[in-house]
Structure formats: C-alpha cells, structure tokens
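This briefing accompanies the structure shown below and is meant to be read with the coordinates open. The topics run from the overall fold to individual residues.

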Amino acid sequence: MTAADHVWMARALQLARKGLYSTHPNPRVGCVIVKNSELIGEGWHVRAGEPHAEVHALRQAGERARGATAYVTLEPCSHHGRTPPCAEALVTAGVSRVVAAMQDPNPQVAGRGLERLRSVGIEVASGVLESEARALNVGFIKRMETGLPYLRAKLAMSLDGRTAMASGESQWITGPAARAEVQRLRGQSSVVLTGADTVLMDNARLTVRTAELGLDDELSALAMQRPPLRVLIDGQLRVPLDAPFFQAGPALVATAAIGRAVLHRAAGHEVVELTNGDGRVDLHGLLRELASRGANEVLLEAGPRLVGAFATRSLIDEYQIFVAAKFLGSSARPLLELPLDRMSEARELRIIDIRAIGDDWRIIARPSG
C-alpha cells in the first residue's frame, strides 16, 4: 500500500458519508477512479435500488477507466440484486487495479467480488482505511454478521445524572445544538424506537425536523425522502390513537397485547405482537424483527425504564449521552433504571469520544467487552 492509496481511499470514504441519510438498508459506499495520479471519476451510492458507487464513478470516467485504479470503500458486489453486480462492471470497464477498504460481510458477496476480479487478472488489494470503513457501516455489518441491528441509545442528562424532574417534566434539558445533533442521529437511523412512557409524558412525535438538520439542500432532501421507521413499544396499548405520535404518520407498534390492536391496524399503523411470556414485549425478538426488515441502525429514544430494560439484556451497542451544564436535583429521575447492589455489578463502558456540542457536551461510549 502507498500513501496515495490512503489519500484516494479517504476521498472515497468522504463520498460514502454522503449516503448517511439515504442508503438504508444498503451500506454507504463511495468510489473514486484514478489514472496517472489524476482523479477521472467518482461516485457514491445514493439509495437502494439505484446504481452503486462504482457505476456512478465508471460513468464519469468513461473510456479513460481502462487501465485505471478503482478505490472503493466496500468490496464490489458479485451478485444480481436490484442492480447488476459491480464486480462485472469493473471487469467490463477494463480497470487494472481495485483497492477495497474492506470485504463485504454480506454472505452473498463475502470475498466473491474480489475473487472475480482476481480471476481475470485485475490486481486486488484490501484493508486500506478498514477501521474507518467499518465505522461508517457498523449497522450493516452487525446485521449481516448477527441478524441484529446496531442499537444506539440517545440520552440527555444534567451534570448530576438526571433526565427529568420527578413530575416527568423533561423539555428541554439540552440546547439547540444538541437537539440538532439528535435530529441528525434520527435522520441517519433506519428506525427510531421509543416507549409508551416517553410518548405519553412528552407528547413525542419522534419525527425528523428538516429545519434542524443543518445539512445542505441535497442531503436534507434525501433525508426527508427516506425518513426512519418510527416504532413504539407499547406492551398494553396505553397510548391513544389521537396522541401526536400517531397523528404524525404511520408507525409500527410492538405490543404484548395479543389480538387487541384492531383499531391501530384500521388507522393505518402496523402491529407486531411479540411477548416474552410475562406480559411484556420481547425486546430481543423485536430487534430481530427490525433486522429482518432491513434495519441497520436503530436509535433508542426512551425513558429510564425502557433504556434500562435494553441495558439489562445487554442489547445496547452504543450510548450517546448529551450532558447539560445544570443540576436537576436529587429528587429528579435517573438516567436509566438499572438496579445494582454491589460495585462488582457495575456496567463498565469504553468512552469513544467526548466533545462540546454548543453549550452542552456529548459522550459516546460503548459497553466494554
């Protein structure tokens, strides 16, 4: 690998990130084509069912692609899906070298794309900026490898670790910049997941508000064309159909109230009945159901009880905690309900990033191990 390989792959990753808000359930992929140290074509995958990044880049390069090097952030696909295989497009174009950031975890590809290129004499390299490429598609990778989506829990708290007053009042703990960041988290998620308590207490809609995204016009438009699926966990159907959440548009309701959601279906909402046997929704089963629908990344925005339930079952992959410079006091509600009795039971986290977001701070942490 050369320094130039890293430079061009960095550009491909920059392009791939443009698909943060639109490619689900597909991965985010970028491609650049280089010949004689000159960029001759580039592209990124915009949305499922449309041409992949390699096709856009090859169209831009035209005949000059023959003998060139293609840098792609994910192994070119080798199977016929909703679009033809990109490996064949690269072969037909006559490129002489392909550099991939990582192998595709999709079992339908899983090395076959790179092998197809090798079989016709194209030089192949893999692993350039792989950690960055994996971070960009962490949800897709997890879904392919485990059958579960990547679950992020978004939490907002005061410096003393409180999320709401004892009365349930919680708006607004953090400032406008933090709220805009949450809108971007929603926009890049396949699913926004919440619980009945949050919807009832906050009149939450859990929609993406375009004006707060802070994106350019192109990406804002793409985000609104593919809004996340809003999913409500309502074990006993406590949320009335005239609640703002339901008035904001069609949603998916996960419930343990078997056979009782007739009115929800009649109102245009989808219902999945998943019980774990004790009258509650099967959380693990729900995540599997969402993955089966193509959900790569799920954003959990819920109260301390539901977040605590997911944490207790070790289902949360990442915490994004927004911290406001204020105290809410000892009678306010805790960050999550996670009853522990001994220090040895403490859940250890690995902090990935801490940075200021406006007047607040954001901590990104993942469970250790």
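What follows is a short lead on the whole protein, then bullet points grouped by topic.

The model is predicted, and the protein it shows contains 13 helices and 16 strands. Its radius of gyration is 23 Å, close to the 21 Å that the globule rule gives for 369 residues, so the protein is as compact as a globular protein of that length. Taken along the principal axes, the C-alpha atoms fill a box of roughly 70 × 45 × 45 Å.

**Packing, surface and charge**

- Of the 369 residues in the protein, 53% are buried.
- Among the contacts with a separation of 6 or more, 69% are between residues 24 or more positions apart.
- The accessible surface of the protein comes to about 16,600 Å², and carbon and sulfur atoms account for 51% of that area.
- The protein carries 43 positive and 41 negative side chains, and the centres of these two sets lie 1 Å apart.

**Annotated binding site**

- According to an unreviewed UniProt entry, the annotation "binding site" covers Ser-170, Arg-186, Leu-206, Arg-209 and Glu-301.
- Leu-206 is found in the loop between α8 (196-202) and α9 (217-225), and Arg-209 also belongs to the loop between α8 and α9.
- Leu-206 has a relative accessible area of 5%, which is under the 20% limit, and therefore counts as buried.
- Once its neighbours within four places in sequence are left aside, Leu-206 is in contact with Arg-186, Val-192, Thr-194, Arg-230, Phe-245 and Glu-301; of these partners, Arg-186 and Glu-301 are themselves covered by the annotation.
- Arg-209 counts as partly exposed because its relative accessibility of 31% falls between the 20% and 50% limits.
- Not counting residues up to four places away in sequence, Arg-209 touches Trp-172, Gln-183 and Arg-186, so that Arg-186 appears among the contacts of Leu-206 as well as among those of Arg-209.

**Helix α6 and its surroundings**

- Helix α6, which spans residues 138-146, has Gly-139, Phe-140, Ile-141, Lys-142 and Arg-143 as its buried residues, a set that includes two residues with side chains counted as positive, Lys-142 and Arg-143.
- The elements that cover these buried residues include the helices α5 and α12 (283-292) together with the strands β6 (150-158) and β12 (297-300).
- Just after α6, Gly-147 takes a positive phi of about 75 degrees.

**Backbone features in loops**

- The peptide bond that joins His-24 to Pro-25 is cis, with omega near 5 degrees, and Pro-25 has its place in the loop between α1 (3-16) and β1 (30-35).
- Leu-129 is not a glycine, yet its phi is positive at about 55 degrees; this residue sits in the loop between β5 (123-126) and α5 (130-136), and α5 is among the elements that cover the buried residues of α6.
- Ser-314, although not a glycine, likewise has a positive phi of about 55 degrees, and this residue lies in the loop between α13 (304-312) and β13 (318-324).
- Ser-314 counts as exposed because its relative accessibility of 58% is over the 50% limit.

Conventions:
Residues numbered from 1 in each chain as written. Predicted model: local features only at pLDDT ≥ 70, side-chain atom pairs only at ≥ 80, totals over all residues. Heavy atoms only, no water. UniProt positions renumbered as here; feature names shortened; annotations may be inferred. Helix = DSSP H or I, 4+ residues; strand = E, 2+ residues; numbered from the N terminus. Buried < 20%, exposed > 50% of the residue type's maximum accessible area, 1.4 Å probe, protein only. Contact = heavy atoms within 4.5 Å. Rg over C-alpha atoms; globule rule 2.2 N^0.38 Å. Areas by Shrake-Rupley, 256 points an atom, 1.4 Å probe, with all protein chains shown as cover. Charge placed at Lys NZ, Arg CZ, Asp CG, Glu CD.
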